[in-house]
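The following exercises practise the reading of a structure from residue to chain. Each task is followed by a solution in steps.

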Amino acid sequence: MHVFHDWLLTPQRVAVHLPTRTAVVADLHLGYAEARRRRGDAVPRESVTQLLEPLRRVERQYMTRQLVIAGDLLEDNDCCEALAEFLEWLHQSEMDRITVVPGNHDRGLEASPLARSCLPLCPQGIDVGEWRIVHGEGSLPEAPVVHGHFHPCLRWSPKRRANRPRFSRGRFAPDTIDGPCYLSGPGRLILPAFSKEAAGVNILPVRRWRALHCHVVVGNHVLDLGAVSALRRKLNVLNHGLYG
Amino acid sequence: METAIEGFDFIDPPHVSSWLEQVPVALANWFRRRYGEPTEIQRAAWSCLPAGQHLLLSAPTGAGKTLAAFLPILTQIIQDRKDEKTALACLYVSPLKALCADTERTLTTYLEEWKTLFPTDSLPCLAVRSSDSTAAQRRQLWRQPPDILLTTPESVAVLLSQPKAEQLFANLRWVVVDEVHALAASKRGADLALSLERLTHLVQGRLQRIGLSATATPLIEAARWLAGESCAIARAGEVTPLQLTIVPLEESGHSLANLVDRLLPEVRANRATLVFTNSRRLAEQLSWALRRNLPEMQEQIAVHHSSLAAERRRQVEEAFKQGCLRAVISSTSLELGIDMGTVDLVVLVHPPGDVIRLLQRIGRSGHGPGRVSRGLVLTATEAELLEAAVTAASGQAGQCEPLRIPAHPLDVLCQHILGMAAAQICSADAMFALVRRATPYRNLSRRDFDDCLAYLGLTSGGSCCRFTLPPRLRGEPEGFTILNPRTARLLRRNLGTILADPVYEVWSESPTRSTSKACSNPRLRCELVDCAERIGEVDRAFAERLRVGDRFLLDGRCLQVRSLWPEESCLLVAEIVGRPIVPRWSGEGWPLSTELAQRLYLLRIQAAEALREGPETLARLLHRDYGLDDTAVAKLVAFFQRQECASEIPDAASCLVEIITHEGGTDCYFHTPLNRLGNDALARVAVHRLVRDWGRSADSLVADLGFALLMPGGVAEESPRIADELRALLAAANFEADLEAALHNSAALRERFQRVAQTGLMLLRQPLGQTRRIGGRDWGARRLFDKIQALAPNCVLLRQARREILSEWCDAAAAGRYVRELEHVPLRCRFLSYPSPFVESWTQMAAGAAERIETPEEALLRLHALLTKRTNDARLP
């Protein structure tokens with residue numbers, strides 16, 4: 001799906017800036033399982049190569065030459081194994097240039113000599129065409145800007161009545177919906193979390209996002225669901241059973 | 001009446017208790033002064049307890065069971081006392097913290113009265129240990145153990161996992177398990193059964209087990225759960241007489257208003273009324289409405305349910321016991337044996353769904369030997385009226401639901417394997433033998449046991465999860481033990497089978513109270529400093545919709561949100577005057593029991609036969625066999641007549657399907673003799689086959705006594721093939737396989753897996769370090785499920801989740817039996833224009849969500865199609 005004439009939103013949760021052939025991705029949270037294991041959970045690990053496979057697909061499909069990671073590359077400071085695996089992945093990558101904008105989960109990245117020597121870190125963000133890419137934590141630079149950090153997603157369940165009227169016309173309304181989404185508005189593009197582990201922030205109750213446009217990721221598609229405010233109204237109507 | 005089998009003898013109570021003659025005269029006199037002569041159950045208990053035999057005491061609420069069990073124990077402790085030093089001699093385990101507190105109060109009252117009879121030093125010392133106990137109280141327990149410890153199954157498991165457990169329990173002689181019927185039927189029961197075996201092992205067999213149960217059928221099963229191979233059973237015939245009235249409410253107008261109108265005179269006329277509802281939401285609504293309608297009694301009406309703060313619940317219990325309250329409205333929290341003092345009348349708003357619950361609830365009134373239990377059941381619809389009549393008749397006849405003991409839950413087993421390994425070095429063979437002695441695990445296979453060890457990281461045995469998960473155990477030359485002290489610490493933080501749904505705590509500003517210490521949130525604690533009182537909790541989903549200034553109902557009060565603390569999951573509120581919204585809690589409502597569903601179906605058949613002989617015959621039947629009054633009988637006769645007029649009453653010789661075609665599609669209503677769980681399995685398989693074989697989608701609606709398939713598009717009107725096509729949806733061939741396929745990736749299985757993963761310690765509820773997680777609270781169901789399914793589809797925890805879904809979430813066994821019966825009976829299709837009265841009545845009873853038949857992705861695609869279509873039609877708001 002294309003937005004702003006120069007951006008392509010892919011179902012792999014990677015945005016591609018077409019004029020510069022730059023892939024922008026946010027919130028990878030590599031080492032999430034590792035972090036959970038450190039806190040006591042007994043959960044399986046996944047290799048970084050496996051996790052970054054969708055990114056590799058985007059690279060091949062759209063011949064991207066640059067990669068910008070817009071924050072939260074790692075889950076926390078102790079994900080050394082994941083960092084090492086990521087550096088190995090980078091080594092094998094055919095991209096011309098890779099930039100990491102550290103996010104709030106990457107505090108230790110700048111302190112790590114290994115990361116500093118191997119990763120081009122841009123704490124202030126980086127320009128791609130006329131757009132500024134930042135992580136999105138704290139105050140944003142002037143538009144146009146692309147950022148991550150919030151993990152936007154669309155989550156909604158139809159209201160269930162204990163006693164459903166027998167001819168409820170809303171009964172074919174879709175069931176529980178849950179999917180990551182991009183948000184776009186004048187001079188602003190918010191990326192979904194690349195990590196599938198992230199539960200995400202539901203966009204529907206967030207007032208400041210009402211004017212933005214929602215592009216939800218479903219399987220191999222990115223669907224345009226229109227402005228968030230209008231979407232809220234429509235879902236409300238669905239809840240009251242006016243759709244048949 | 002049950003008959004004895006080998007190892008399980010029923011005791012005939014002697015006419016006179018010889019034991020009471022042997023105890024110190026002062027004590028016997030005290031007993032006679034306070035209670036007169038011993039009750040049947042007490043005579044029976046005292047004839048065999050001093051001999052050291054395991055014993056199950058079964059008697060209705062109020063028959064004096066607690067004293068029957070404790071009097072010999074207390075006496076023995078006093079007589080054996082040599083010096084001031086106390087040692088843990090008796091463990092009392094109950095499923096409710098409130099019941100522990102209540103029993104402690106009762107025992108303390110006895111001991112206070114005995115101060116004049118015995119030297120104070122010789123009196124037993126009591127202590128309560130539950131999750132509410134402070135760290136100081138827990139330390140005190142180890143430093144100076146009491147004679148009697150009152151506790152919950154979870155706390156027993158925590159104590160047993162300590163290396164010093166052997167020392168603590170060295171002198172243990174008795175375990176008293178209260179509410180055996182409630183415990184044995186749950187996973188908590190399996191947990192306790194394993195703990196009991198471990199205790200027995202610790203004291204080398206010198207442990208007498210005593211179980212208390214109000215209503216349990218078959219008693220032998222309950223006794224087997226309690227004691228394994230042999231156990232004496234004392235049952236009392238002194239049934240507290242039931243005086244039960246069933247009253248249908250007015251159907252016109254607002255149902256809550258009708259309910260309040262019916263309740264007001266009862267509350268005014270009785271000194272103490274206890275009202276039970278089937279949901280916390282209705283309990284709140286009702287208390288609010290009653291208070292507004294009885295302003296003079298506003299302070300004397302209270303609400304009591306499990307989402308209120310423990311302290312608040314205890315205040316209500318105390319006030320009610322002391323006669324300061326005229327009415328208490330409760331959901332399920334006051335059902336179990338808490339002594340509520342003198343209750344004049346128990347009101348049940350809507351029938352309770354099973355016989356045991358009916359007896360428990362009604363038994364709250366006339367609590368005490370020789371008194372009459374007075375109950376009033378209020379019903380809203382004819383279906384409820386019929387259900388109440390059948391439940392009451394079954395209750396009068398003592399036909400309770402049979403006890404169903406969950407078979408070897410593997411997640412609980414994993415906890416105990418770790419618990420045992422945390423206390424000492426274990427050998428797999430010895431542990432397997434010990435585990436198999438616990439009744440729920442008597443059929444545990446060695447393969448399941450080895451798979452649990454493998455999941456926990458032990459090299460021997462199977463290999464299902466070994467290569468992908470971090471270990472919790474490590475091998476030793478002479479066996480195995482816990483991996484390290486950190487794992488032991490994690491284990492103790494996460495023991496137990498109770499999984500709380502995510503909630504928000506509700507705190508109110510209360511300048512008179514100083515509870516800042518009780519507030520577990522450091523940030524909030526700093527903000528509030530000495531001015532907060534915890535009122536209770538609301539569901540996260542409800543709380544997240546609230547904004548500052550919103551008003552909602554809790555504890556029968558209108559509360560206004562002052563501030564929201566999403567990170568701490570807290571709400572700060574203030575009480576104001578106004579009209580509140582009513583919270584909704586998840587996990588409410590339960591199905592009709594399998595047996596009641598069957599009886600209800602049979603009653604309908606019986607009624608149809610009677611109706612053929614004329615309405616008077618039916619009226620006589622309802623009068624005579626069910627004791628209904630004229631209004632109720634008239635209502636039911638008219639109900640059956642309307643059904644016969646519109647369609648027909650389902651009979652035993654066929655399966656009735658009512659089909660209604662309308663502009664939105666076709667609705668097929670199947671009438672079955674199954675409860676909601678059985679029908680759920682049928683509906684899932686039918687929808688699965690509809691999608692797979694016919695390529696059609698359908699929504700399903702599941703209720704007790706039937707289910708509906710709601711399909712878009714029509715069916716050929718009165719087509720002769722329709723019966724065959726519908727029959728194919730319920731064919732017996734491959735039924736179990738299709739049910740498993742229908743549930744394979746379902747939200748229900750995912751959610752259940754998350755719960756099992758928490759109990760089985762794959763995901764910890766209380767991990768170490770910070771709790772911020774990007775995965776959210778449903779990560780286990782959303783992501784971990786997929787990973788485990790892909791890496792180790794045979795993992796013990798996945799297997800356990802699948803088993804639970806098939807037995808608890810839907811009743812696969814009952815549904816399987818029914819579809820096999822269906823092979824031999826015709827399917828009768830009736831084409832109607834409107835739903836028949838039977839369909840209307842059970843659709844009204846259908847609670848909860850319609851079945852989720854699509855994945856979130858499919859739902860999103862459909863939403864997109866729906867919205868785009870409407871946009872093109874230019875009919876959007």
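**Exercise 1. A residue in a loop.** Determine where Arg21(A) is placed and whether Arg21(A) is buried, exposed or partly exposed.

*Solution.* Step 1: Arg21(A) belongs to the loop between β3 (15-17) and β4 (22-25) of chain A, where strands (E, at least two residues) and helices (H or I, at least four) are DSSP runs numbered from the N terminus. Step 2: the model is predicted, so that local features need pLDDT of at least 70 and side-chain atom pairs count only at pLDDT 80 or more, while totals for chains, interfaces and linings use all residues. Residues are numbered from 1 along each chain as its sequence is written, and chains are lettered from A and ligands numbered from 1 in the order in which they are written. Step 3: a residue is buried if 20 or more other C-beta atoms, placed from the backbone, lie within 10 Å of its own, exposed if 12 or fewer, and partly exposed in between. Arg21(A) has 15 other C-beta atoms within 10 Å and is therefore partly exposed. Step 4: the phi of Arg21(A) is near 50 degrees, a positive value in a residue other than glycine.

**Exercise 2. A second loop residue.** Carry out the analysis for Leu705(B), and state its phi.

*Solution.* Step 1: Leu705(B) is found in the loop between β23 (699-703) and β24 (706-711) of chain B. Step 2: its phi is near 70 degrees, a positive value in a residue other than glycine. Step 3: Leu705(B) counts as buried because it has 26 C-beta neighbours inside 10 Å.

**Exercise 3. The two sides of a helix.** Identify the buried residues of α4(A) and the exposed residues on the face turned away from them.

*Solution.* Step 1: helix α4 of chain A covers residues 80-92, 13 residues in total. Step 2: Ala82(A), Leu83(A) and Phe86(A) are the buried residues of α4(A). They lie on the same side of α4(A) because they cover an arc of only 100 degrees around the axis (the arc of the directions from the helix axis to the C-beta atoms). Step 3: the face turned away from this buried side carries the exposed residues Glu88(A), His91(A) and Gln92(A).

**Exercise 4. The whole of chain B.** State how many helices and strands chain B has, and what share of its residues is buried.

*Solution.* Step 1: chain B has 34 helices and 25 strands. Step 2: of the 877 residues in chain B, 49% are buried.

Conventions. The expected span of a helix is 1.5 Å times one less than its number of residues.
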